[in-house]
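Student: I'd like to learn how to read a structure like this one. Can we go through it together, feature by feature?

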Amino acid sequence: MQYKYLTALCVMAALNGCATVTEQPAQSLKQQNLGKAAEQLQQAVHGYTQDQAAYLKAFDDLNGDGVDDAVVLLQGQNWCGSGGCTMLIFRGLDQQKFQLVNKVTVADAPIYALSKTSQGWKNLAVYSKGKGTVVLKFNGQAYPNNPSLLPKETAKFAPESFKLLIGQD
């Protein structure tokens with residue numbers, strides 16, 4: 001009787017140990033995937049800039065395909081001027097690679113992804129010095145290149161209609 005009880009206790013302990021072991025790799029895998037995405041994005045950014053430019057980044061599924069895309073705000077004197085900095089938008093591809101969709105000049109934080117879409121891509125709200133917040137709408141090919149040429153957004157966004165990507169509220 002004691003032998004059966006001891007055997008059952010050992011089996012339960014072993015199974016409990018297995019459950020703990022199987023949960024940990026799943027979490028590590030998610031962290032590895034995020035790390036790989038950041039690494040692949042860094043290669044794409046530095047491939048574009050041809051230097052080791054500093055940048056701020058955010059991942060979000062902008063085009064609704066289930067794959068995270070990336071918004072990058074370049075930093076430093078080579079990429080920023082009195083009107084703002086260069087912003088890059090990358091489409092997320094298989095194996096966490098990224099393809100440049102377009103660059104946007106004179107953009108600054110805060111940068112928001114809005115729930116409203118244009119041509120299947122989320123609208124982006126960016127700050128443009130001298131203008132204020134403007135909304136970038138995807139035209140089927142790219143977002144507008146120069147936010148300072150767009151009208152200032154005067155409407156208030158409902159909290160559930162946007163996600164802060166880069167910057168502070």
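Student: Let's start with contacts. Among contacts in the protein between residues at least 6 apart in sequence, what percentage join residues at least 24 apart?

Tutor: One thing to keep in mind before the answer: this is a predicted model. As for the contacts, 42% of those between residues at least 6 apart join residues at least 24 apart in sequence.

Student: And how many helices and strands are there in the protein?

Tutor: The protein has one helix and eight strands. Follow the sequence and you read α-β-β-β-β-β-β-β-β. The helix, H1, covers residues 2-49.

Student: What about burial? What share of the residues count as buried?

Tutor: Out of 169 residues, 34% count as buried. Looking at the outside instead, the protein exposes about 10400 Å², and carbon and sulfur atoms supply 53% of that area.

Student: On to the cysteines. How many disulfides does the structure hold?

Tutor: The general idea is that a disulfide is a covalent bond between the sulfur atoms of two cysteines. The structure here holds one. Cys80 and Cys85 are the partners, with their sulfur atoms 2.0 Å apart.

Student: Why is the disulfide of Cys80 and Cys85 called right-handed?

Tutor: Look at the torsion about the S-S bond: it is about 105 degrees, so the disulfide of Cys80 and Cys85 is right-handed.

Student: Is Cys85 buried or exposed?

Tutor: Here the cut-off helps: buried means under 20% relative accessible area. Cys85 comes out at 8%, so Cys85 counts as buried. Its partner Cys80, at 26%, counts as partly exposed.

Student: Now pockets. Which residues line the largest pocket?

Tutor: With a pocket, I'd ask for its volume, then its lining, then the chemistry of that lining. The largest pocket has a volume of about 250 Å³. Its lining is made up of Pro110, Tyr112, Thr133, Lys152, Glu153, Thr154, Ala155, Lys156, Phe157 and Phe162. Sorted by class, that lining has five nonpolar, two polar and three charged residues.

Student: Let me pick one of those. Where is Phe157 found?

Tutor: Phe157 sits in the loop between strand S7 (132-136) and strand S8 (162-166). At 29% relative accessibility, Phe157 counts as partly exposed.

Student: Which residues does Phe157 touch, not counting residues up to four places away in sequence?

Tutor: Phe157 touches Leu114, Ala125, Thr133, Val135 and Phe162, with residues up to four places away left out. Take Leu114 as an example of how sequence and space can be compared: Phe157 and Leu114 are 43 residues apart in sequence, and their C-alpha atoms are 8.6 Å apart.

Student: How would you read the second largest pocket? Which residues lie nearest its centre?

Tutor: Go in the same order. About 200 Å³ of space lies in the second largest pocket. It has 13 lining residues, and Ala37, Val67, Asp68, Gln96 and Phe98 lie nearest its centre. Helix H1 gives the most to the lining, with three residues. By class, the lining divides into six nonpolar, five polar and two charged.

Student: Let's finish with a residue from the helix. Is Gln40 buried or exposed?

Tutor: Gln40 has its place in helix H1. At 14% relative accessibility, Gln40 counts as buried. Leaving aside neighbours within four places in sequence, Gln40 is in contact with Gln95, Gln96, Lys97 and Phe98. You've already met Gln96 and Phe98, which are among the residues nearest the centre of the second largest pocket.

Key:
Residues are numbered from 1 along each chain as its sequence is written. This is a predicted model: local features need pLDDT of at least 70, side-chain atom pairs count only at pLDDT 80 or more; totals for chains, interfaces and linings use all residues. Side-chain values use heavy atoms; hydrogens and water are left out. A disulfide is a pair of cysteine sulfur atoms within 2.5 Å. Buried means under 20% relative accessible area, exposed over 50%, partly exposed in between (1.4 Å probe, protein chains only). On a 1 Å grid over the protein atoms alone, a cavity is a set of points where a 1.4 Å probe fits but cannot get out, and a pocket is an open set with protein on both sides within 12 Å along at least five of seven lines; lining residues have an atom within 4 Å of a point. Grid points are joined across faces, edges and corners, and a volume is the space filled by probe spheres set on the points. Ala, Val, Leu, Ile, Met, Phe, Trp, Tyr, Cys and Pro count as nonpolar, Asp, Glu, Lys and Arg as charged, and the others, Gly among them, as polar. Helices (H or I, at least four residues) and strands (E, at least two) are DSSP runs, numbered from the N terminus. Contact means heavy atoms within 4.5 Å. Accessible areas come from the Shrake-Rupley method with a 1.4 Å probe; for residues, only the protein chains shown count as cover.
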